[in-house]
Amino acid sequence: AMASHIVGYPRMGPKRELKFALESFWDGKSSAEELKQVAASLRLSIWKQMADAGIKHIPSNTFSYYDQVLDTTAMLGAVPDRYKWTGGEIGFDIYFSMARGNASVPAMEMTKWFDTNYHFIVPELGPDVKFSYASHKAVDEYNEAKALGVNTVPVLVGPVSYLLLSKPAKGVEKSFSLLSLIDKILPVYKEVVAELKAAGATWIQFDEPTLVKDLDAHQLQAFNYAYAELESTLSGLNVLVETYFADVPAEAYKTLTSLKAVTAYGFDLVRGTKTLDLIKQGFPSGKLLFAGVVDGRNIWANNLESSLNTLQTLGDIVGKEKVVVSTSCSLLHTAVDLVNETKLDQEIKSWLAFAAQKIVEVNALAKAFSGQKDEVYFSSNAAALASRKSSPRVTNEAVQKAAAALTGSDHRRATNVSSRLDAQQKKLNLPILPTTTIGSFPQTADLRRVRREFKANKISEEEYIHFIKEEINNVVKIQEELDIDVLVHGEPERNDMVEYFGEQLSGFAFTANGWVQSYGSRCVKPPIIYGDVSRPKPMTVFWSSTAQSLTKRPMKGMLTGPVTILNWSFVRDDQPRFETCYQIALAIKDEVEDLEKAGITVIQIDEAALREGLPLRKSEEAFYLNWAVHSFRITNCGVQDTTQIHTHMCYSNFNDIIHSIIDMDADVITIENSRSDEKLLSVFREGVKYGAGIGPGVYDIHSPRIPPTEEIADRINKMLAVLESNILWVNPDCGLKTRKYTEVKPALTNLVAAAKLIRNQLASSK
């Protein structure tokens, strides 16, 4: 018997069909019916694709109009009161209000799904939530597939993970035990399971990815309790509990494999390399093992021979007929279909597999494992892997040498931050509470058009440069009129903060349709780092020096840091991540030093995604933070004391890594925190000694709202209560490219006015 399984599949469609259908519906340009039709046709093609490939266990209910955790919230009827839901089946109106807010109430919070770049909608729970079965989506989709002749495995977010991923609602004690709600949600799960069983389902999959995190005995006990409670309802069904993104720790493995009601366990054997040892030490007889050997989080072709070896090892331990070949996690986190990459270099293309190709890999492995190996397919895979290994485009001796030579040093600047700030102040001569912005200015339709036309060779390079220069000149004039102290050039030449650099570095490739869902309808198109990274020539020096020549005020050079470039790309899997990061750091170091030579005295190196790479386990955090922070220091350890290094961090929740942030040793850090001032300031209240410049965002650019001067002044005063006035900067919390000039100008006018107001107050109190 040939057993194969897919954990989940991307929803957006090969050409982002769902994105466009959603946005059209939200804009009122199309009906709910039209949106449902697009969704149904996407689901149909996914089920058909898997059935045609020979996959045995095909998932349903992994499709979503926004997010699978929000789908679970709807299933449980756990709608926060502010949405004024009056009962009945939850429709688009309530569903999208929870996801996106509406005219009168804000959206629910969104946060990262484990350590991926996907974001889920966080349930808001408390002791008074009334749960009820309010969305029949899981059963509806099961029936829809069944009518097409496909008997699927319905997938639900498991009850324990659902509660562990939730937060206490506003007004509920922070200490409220979310797990205490287990008895209130299980009756709804029982109803869903009973309906699925009645509809003819023979399998059901519960995703319990929180099992890979550091859980305490009380949390593990909740799994025992929940699945014992569900046991009678589940009888007669095959039950798979799926884990992913890391190893399952030994204690959690014990808990998981002793759940009586469960038939099968799914493990990520790509990111979980230690799980194999646990299985060797013991696996319950009579149970099935779903072996996640095909990587759901990257775009590389599988090493089929190596995966087959792993499967054979597992077969020897648990019995061949007990092993099911699977993906390491849902394919949601990878690109959709390589078929749509018509412009990608053929050699590089042969090294890749997107979601559609991974289905074929899973099936080929299952066939080979059951003794029907497709020799042609396997040998072409081996040939592609060999070409990747030996390709001169992958290996650059000089880069390897330079990266290897890094190990001897800590790469710190020559003097400490307070004496550097003094030297910089003598040179820059800035007022107290200096004002600046984060980097980008509004990108108008005109500007986007010109960039598109230049890319398509419809206008000459000369015309393009002329247009961009004009744009920079306007941005400089606006900032001078507003009386901002440290200027930016506005980044009119840049499409994206990672792609712009990747296109100018060697070792990077780009796709046309390699989109991955980030949240809701928003997708990102990560670059592919396939080889050693180097910088053939300066990337930003021309534009930065052009911009500096237009003003007497300091003009910030504007770079993306190595850790962010790494965390927002598909990274090569043939060397450790930190080695690739060090290579990128050396490329950025060359750029920093060239900017300094060109007379740029303030250089910003953005590390928006530093925190995103944080491992799921406490025990692995220090190692990551160490090399990530080291990579940042490598980029600027060689500059003079008088060159001021800024960085920008786009994630407010970093109180737990504040010591690593201080260890980056930047001269000035600007922070996106405008939605959580209190959280950020509490870390300084608790006495963390911080001596570098700091600019907590005082204007939230994610909202069209224009904050009045008094409000900004009030926020500056709050910050002065815990931070010295000689280190505080005044700035928005993020780049301005998504806003309109009609919003940006008045907001920045108020920001500068607020800074001046407080400067005067400080001067007169002296």
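In the UniProt record, an unreviewed entry, one "binding site" annotation covers Lys19, Asn117, Arg522, Cys523 and Trp568. The positions described here are taken from a predicted model. Within this group, Lys19 belongs to helix α1, which comprises residues 17-26. Its relative accessibility is 11%, and Lys19 therefore counts as buried, the limit being under 20%. Apart from residues up to four places away in sequence, Lys19 touches Met12 and Ser521. Cys523 is part of strand β14, residues 522-524. With a relative accessibility of 12%, Cys523 also falls in the buried class. When neighbours within four places in sequence are left aside, the contacts of Cys523 are with Met12, Arg16, Trp515, Val516, Gln517 and Ser518. Met12 thus appears among the contacts of Lys19 and among those of Cys523.

A further "binding site" annotation from the unreviewed UniProt entry covers Ile438, Gly439, Ser440, Glu491 and Asp606. These residues span 169 residues in sequence, but no two of their C-alpha atoms are more than 13.4 Å apart, so they gather at one spot. Ile438 is located in the loop that runs between α16 (417-428) and α17 (445-455). The loop between α16 and α17 also holds Gly439. Both residues are buried: relative accessibility is 4% for Ile438 and 1% for Gly439.

The contacts of these two residues were listed without neighbours within four places in sequence. For Ile438 they comprise Met558, Gln604, His648 and Thr670, together with Asn731, Pro732, Asp733, Cys734 and Gly735. For Gly439 they comprise Val488, Gly490, Glu491 and Met558. Met558 is in contact with Ile438 and with Gly439. Glu491, a contact of Gly439, is itself one of the residues covered by the annotation.

Arg617 is placed in the loop between β17 (602-606) and α23 (618-636). Its relative accessible area is 10%, and Arg617 is accordingly buried. Not counting residues up to four places away in sequence, Arg617 touches Val212, Lys213 and Asp214, as well as Asp247, Val248 and Pro249.

At the level of the whole chain, the protein contains 27 helices and 20 strands. The radius of gyration is 27 Å, close to the 27 Å given by the globule rule for 766 residues, so the protein is as compact as a globular protein of that length. The C-alpha trace extends over about 80 × 60 × 50 Å along its principal axes. Of the 766 residues, 61% are buried. Contacts between residues at least 6 apart in sequence were also examined, and 79% of them join residues at least 24 apart.

The accessible surface of the protein amounts to about 30,400 Å². Carbon and sulfur atoms account for 52% of this surface. The protein carries 84 positive and 93 negative charges, and the mean positions of the two sets lie 1 Å apart.

Notes: Residues are numbered from 1 along each chain as its sequence is written. This is a predicted model: local features need pLDDT of at least 70, side-chain atom pairs count only at pLDDT 80 or more; totals for chains, interfaces and linings use all residues. Side-chain values use heavy atoms; hydrogens and water are left out. UniProt positions are given in the numbering used here, feature names are shortened, and annotations may be inferred rather than shown by experiment. Helices (H or I, at least four residues) and strands (E, at least two) are DSSP runs, numbered from the N terminus. Buried means under 20% relative accessible area, exposed over 50%, partly exposed in between (1.4 Å probe, protein chains only). Contact means heavy atoms within 4.5 Å. The radius of gyration is taken over C-alpha atoms; the globule rule is 2.2 Å times the number of residues to the power 0.38. Accessible areas come from the Shrake-Rupley method with a 1.4 Å probe; for residues, only the protein chains shown count as cover. Lys and Arg count as positive and Asp and Glu as negative; His and the chain ends are not counted. The place of a charge is taken as NZ of Lys, CZ of Arg, CG of Asp or CD of Glu.
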